[in-house]
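Trainee: I am new to this structure. Please take one part, the nonpolar core, and walk me through it closely, with whatever background I need.

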Amino acid sequence: MTTITLQVPDSLGEQQYDTVRFIAAKLYESGKLSLGQAAEMASLSKRTFAELLSDYDVALLNYPVSEMLSDADSI
């Protein structure tokens, strides 16, 4: 894994961890990271990370309705 240094304002204080979790959640939402990769980035277990996704308005299952309907038709 590559390390990137991110400078955040001191005013964030303890929220710096929240910033990393937010970025990980959004990268998961966009499909750039798997759940496991995003959880690792946030230094959390998969279960814990999955549980906090809703805090960032990110769905655990990122599966478009059109694809669900298409899959259902093929069953």
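Mentor: Start with the fold. The protein has four helices and zero strands. Read from the start of the chain, the pattern is α-α-α-α. Keep in mind that this is a predicted model.

Next, the overall shape. The radius of gyration is 15 Å, whereas a compact globule of 75 residues would be near 11 Å. Along the principal axes, the C-alpha trace spans about 55 × 25 × 20 Å. Of the 75 residues, 19% count as buried. The accessible surface comes to about 5,900 Å². Carbon and sulfur atoms hold 53% of that surface.

Now the core itself. The largest nonpolar core has 12 residues in all. Find them in sequence order: Ala24, Ala25, Tyr28, Ala38, Ala39, Ala42, Leu44, Phe49, Leu52, Leu53, Tyr56 and Val58. Three helices each supply at least two of these residues: α1 (16–29), α2 (35–41) and α3 (46–52). The largest share comes from α1, with three residues.

Take one core member and follow its contacts. Which residues does alanine 25 touch, leaving aside its neighbours within four places in sequence? The partners are Phe49, Leu53, Tyr56 and Val58. Those four residues are also listed in the core. So why does Ala25 count as part of a buried set? A nonpolar core is built from buried residues of certain kinds, Ala among them, joined through side-chain atoms within 4.5 Å.

Move one place along, to lysine 26. This residue also lies in helix α1. Is lysine 26 buried, partly exposed or exposed? Its relative accessibility is 28%, so lysine 26 counts as partly exposed; the buried class stops under 20%. Leaving aside neighbours within four places, lysine 26 is in contact with Tyr56, Asp57 and Val58. Tyr56 and Val58 belong to the core. Tyr56 and Val58 are also partners of alanine 25. Compare that with serine 45. Lysine 26 and serine 45 are 19 residues apart in sequence, and their C-alpha atoms are 17 Å apart in space.

Asp57 deserves a look of its own. Aspartate 57 lies in the loop between α3 and α4 (65–73). Its phi is positive, about 55°, although aspartate 57 is not a glycine. Its relative accessible area is 68%, so aspartate 57 is exposed. The core residues Tyr56 and Val58 sit on either side of it in the numbering.

A second loop residue shows a positive phi. Serine 43 has a phi of about 60°, and serine 43 is not a glycine either. Look for serine 43 in the loop between α2 and α3. At 66% relative accessibility, serine 43 counts as exposed. Ala42 and Leu44, by contrast, are listed in the core.

Helix α2 offers two more residues to check. Glutamate 40 is in this helix. Glutamate 40 is exposed, because its relative accessible area is 52% and exposed means over 50%. From glutamate 40 to the core residue leucine 52, the gap is 12 residues in sequence and 14 Å in space, C-alpha to C-alpha. Glycine 36 is also found in α2. With a relative accessible area of 23%, glycine 36 is partly exposed. Glycine 36 and leucine 61 are 25 residues apart along the chain, with 14 Å between their C-alpha atoms.

Finally, step outside the helices. Leucine 12 is found in the segment before α1. Its relative accessible area is 25%, so leucine 12 is partly exposed. The C-alpha atoms of leucine 12 and alanine 59 are separated by 25 Å, and the two residues are 47 apart along the chain.

Two totals round off the view. Among contacts with a separation of 6 or more, 39% are between residues 24 or more positions apart. On the charged side, there are 5 positive and 11 negative side chains. The centres of the two sets lie 4 Å apart.

Key: Residues are numbered from 1 along each chain as its sequence is written. This is a predicted model: local features need pLDDT of at least 70, side-chain atom pairs count only at pLDDT 80 or more; totals for chains, interfaces and linings use all residues. Side-chain values use heavy atoms; hydrogens and water are left out. The radius of gyration is taken over C-alpha atoms; the globule rule is 2.2 Å times the number of residues to the power 0.38. Buried means under 20% relative accessible area, exposed over 50%, partly exposed in between (1.4 Å probe, protein chains only). Contact means heavy atoms within 4.5 Å. Accessible areas come from the Shrake-Rupley method with a 1.4 Å probe; for residues, only the protein chains shown count as cover. Lys and Arg count as positive and Asp and Glu as negative; His and the chain ends are not counted. The place of a charge is taken as NZ of Lys, CZ of Arg, CG of Asp or CD of Glu.
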